[in-house]
Amino acid sequence: VAGSVFAGLAAAVHVYIWVLESVLWTRESTRRAFGIRSVAEAETLRTMAYNQGYYNLFLALGVVVGLVLLWSGLELAGAVLTVFVCVSMVLAALVLITSNRRMLRAALVQGAAPLVAVACLAAALTSM
C-alpha cells in the first residue's frame, strides 16, 4: 500500500510538472520556478518545454496504468510496470541533478516519491 501511495504521489507531481511545462509555461510564476528571466526567453524554450512536459505526463500515465493493474488483480504486472516507471522517474531526477547542481531541489521534488515507491514495491515484489 505504501508503495502505491508514493507512486501515486509521484504521478501527481509529474502531472503538475506537465501543467507547468506544457500549459502554463509563459506565466510569470512558472518562469520564476524554472529560472526563466523573460517572456522572450520562455518563448524561445516553449517547444522544448512543451515536449518535456509531455514526457512527464506519459510517465505519470505509466504509473496510473501500473497502479490500476496492481489493484485490479494483476499484481505482478502492475507492480513491475509501476516499478519500471518509477525507476525511470528517479533516473530522470538523477539526470537533472547531474546536468545542473543548482537543480537539487527540483530533482528531489521529482525523484523522492518514486524512489520511496520503488523501495516499497521492490520489497513487496520479493515477497510475491
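1. Start with α3, keeping in mind that this is a predicted model: its buried residues are Ala42, Ala49, Gly53, Asn56, Leu57, Leu59, Ala60, Gly62, Val63, Gly66, Leu67 and Leu70. The cover over them includes α1 (2–23), α2 (28–34), α4 (75–99) and α5 (104–126).

2. Have a look at the path of this helix, too. α3 runs over residues 39–71 and bends by about 55° at Arg46. After the helix comes Gly73, with a positive phi near 110°.

3. Now the largest pocket, which holds about 1,000 Å³ of space. Two or more lining residues come from each of α1, α2, α3, α4 and α5, and α3 is the top contributor with 8. So α3 is worth keeping on screen here, too.

4. Still on the largest pocket: 31 residues line it, and those nearest its centre are Glu21, Phe34, Leu96, Met103 and Ala106. By type, the lining splits into 19 nonpolar, 7 polar and 5 charged residues.

5. The second largest pocket has a volume of about 150 Å³. Here the elements giving two or more lining residues are α4 and α5, with α5 giving the most, at 6 residues.

6. If you want to click through that second lining, pick Val90, Ala93, Leu94, Ile97, Leu104, Ala107, Leu108, Gly111, Ala112 and Leu115. Of these residues, 9 are nonpolar and 1 is polar, with no charged ones. The polar one is Gly111, because Gly counts as polar in this scheme.

Methods. Residues numbered from 1 in each chain as written. Predicted model: local features only at pLDDT ≥ 70, side-chain atom pairs only at ≥ 80, totals over all residues. Heavy atoms only, no water. Bend = angle between axes of the 7 residues up to and from the residue. Helix = DSSP H or I, 4+ residues; strand = E, 2+ residues; numbered from the N terminus. Buried < 20%, exposed > 50% of the residue type's maximum accessible area, 1.4 Å probe, protein only. Contact = heavy atoms within 4.5 Å. 1 Å grid on protein atoms, 1.4 Å probe; cavity = no way out; pocket = protein on both sides within 12 Å on 5 of 7 lines; lining within 4 Å. Points joined across faces, edges and corners; volume = space filled by probe spheres on them.
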